[in-house]
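Colleague: I would like to take a close look at a single part of this protein with you, and then see how that part fits into the rest.

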Amino acid sequence: QALAGRRHSYVKYLPTRDYDRAEADLNLVVPALRLHPRGEGEGHRWLDIGCGIGNLLEAAKARGCRCYGLDADTSLTGWAKENSSGIDFSGVTLDKRPFDPPFDFISADNVLEHINQPQPFLVSIHQALDDDGLLVLRVPNYDSIFRSLISMQGKLPTSFVIDPDAHPVNYTRRALH
């Protein structure tokens, strides 16, 4: 788990892997498959941008999707390649993707807030989607009630403080729309 004294970034995702996979299935994969015009059948192509160690893709694969993952952190995709089968992973960004479009689903779960200029990113996603494809997008809600209540108490944990360097864009529900 260490290389030249440096911990790999995937280590922090391992303790919650089963929970994260189940949560992605329940909140992202199943609803997206139900919304697709062709239904929940086998063979949908799913690209996950910022795939991490592949939790969302594992859930999509279990539902019959052909899965592809991109993450700029090669530590994450390297671990995913070694520990997942039947999913294509690549340690590159969307503009250099080695997988040919179109895709029935493209997900970016907690990715958009890391991008300084989201419009070009979203345009490139649109170009890689099939005509009836769906974008599955999730971002932290900067105005969530839970975050606001904790903030008012002065007990906002580090995980809820949005770092302007890591999250150059803070989204509210309205701003995302």
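Colleague: Leaving aside its neighbours within four places in sequence, which residues is Glu23 in contact with? Please answer at length, and go on from there to the surroundings.

Modeller: Please keep in mind from the start that this is a predicted model. Once the neighbours within four places in sequence are set aside, Glu23 is in contact with Leu28 and Arg138. Glu23 is found in helix H1, and with a relative accessibility of 17% it counts as buried, because the cut-off for that word is under 20%. The side chain of Glu23 also takes part in a polar contact of 2.8 Å with the side chain of Asn27. For thinking about pairs of this kind, it helps to know that an α-helix has 3.6 residues a turn, so residues three or four places apart point the same way.

Another residue that lies in helix H1 is Arg17, which is buried too, with a relative accessible area of 12%. Beyond its neighbours within four places in sequence, Arg17 is in contact with Ile53, Asn55, Glu58, Trp79 and Ser84. Two of these names lead us into helix H2, where Asn55 and Glu58 are buried together with Leu56, Leu57, Ala59 and Ala60. Helix H2, which runs over residues 55–62, is mostly covered, since 6 of its 8 residues are buried. The cover over these buried residues includes helix H1 (17–35), strands E3 and E4, strand E5 (87–90) and strand E6. After H2 comes Gly64, whose phi is positive, near 95°.

Trp79, also in contact with Arg17, belongs to helix H3 (residues 74–83), in which Ser75, Leu76, Thr77, Trp79 and Ala80 are buried. The buried residues of H3 pack against H1 and E5, so that helix H1 appears both here and in the cover of H2. At the start of H3, a side-chain oxygen of Asp73 reaches to within 2.9 Å of the backbone nitrogen of Ser75.

Let us now turn to the nonpolar cores. The largest nonpolar core has 19 residues, and those with the most contacts inside it are Leu47, Ile49, Leu94, Phe103, Ile106, Phe121 and Ile125. Strand E3 (45–49), strand E4 (66–70), strand E6 (103–109) and helix H4 (118–128) are the elements that give two or more residues to this core. A second, separate core has 18 residues, among them Ala24, Leu56, Cys65 and Phe105. Leu94, from the largest core, shows how its members meet: apart from neighbours within four places in sequence, Leu94 is in contact with Leu47, Ile49, Leu70, Phe121, Ser124 and Ile125.

Cys65, from the second core, brings up the matter of disulfides, of which a search of the whole structure finds 0. The cysteine sulfur nearest to that of Cys65 is in Cys67, 5.4 Å away. Cys65 and Cys67 are not bonded because this distance of 5.4 Å is too far for a bond. Cys65 counts as buried at 6% relative accessibility, and Cys67 is buried as well, with a relative accessible area of 3%.

Farther along the chain, Tyr171 has its place in the loop between helix H5 (145–152) and helix H6 (173–176), and although it is in a loop, Tyr171 is buried, with a relative accessible area of 7%. Its contacts, again without the neighbours within four places in sequence, are Leu112, Glu113, Pro118, Val139, Pro140, Asn141, Tyr142 and Leu176. Tyr171 and Leu112 are 59 residues apart in sequence, while their C-alpha atoms are 9.1 Å apart in space.

Finally, the protein as a whole has 6 helices and 7 strands, which follow the pattern β-β-α-β-α-β-α-β-β-α-β-α-α along the sequence. Of its 177 residues, 42% count as buried. Among contacts between residues at least 6 apart in sequence, 62% join residues at least 24 apart. As for confidence, the average pLDDT is 85, and 84% of the residues score at least 70. Over residues 1–6, however, the pLDDT is below 50, and this stretch has 8 contacts in the model beyond near neighbours in sequence. Where pLDDT is low, the predicted coordinates should not be read in detail.

Methods. Residues numbered from 1 in each chain as written. Predicted model: local features only at pLDDT ≥ 70, side-chain atom pairs only at ≥ 80, totals over all residues. Heavy atoms only, no water. Helix = DSSP H or I, 4+ residues; strand = E, 2+ residues; numbered from the N terminus. Buried < 20%, exposed > 50% of the residue type's maximum accessible area, 1.4 Å probe, protein only. Contact = heavy atoms within 4.5 Å. Core = buried A, V, L, I, M, F, W, Y, C linked by side-chain atoms within 4.5 Å. pLDDT = per-residue confidence, 0-100. Disulfide = S-S within 2.5 Å. Polar contact = N/O pair within 3.5 Å; in protein donor to acceptor, adjacent residues only side chain to side chain.
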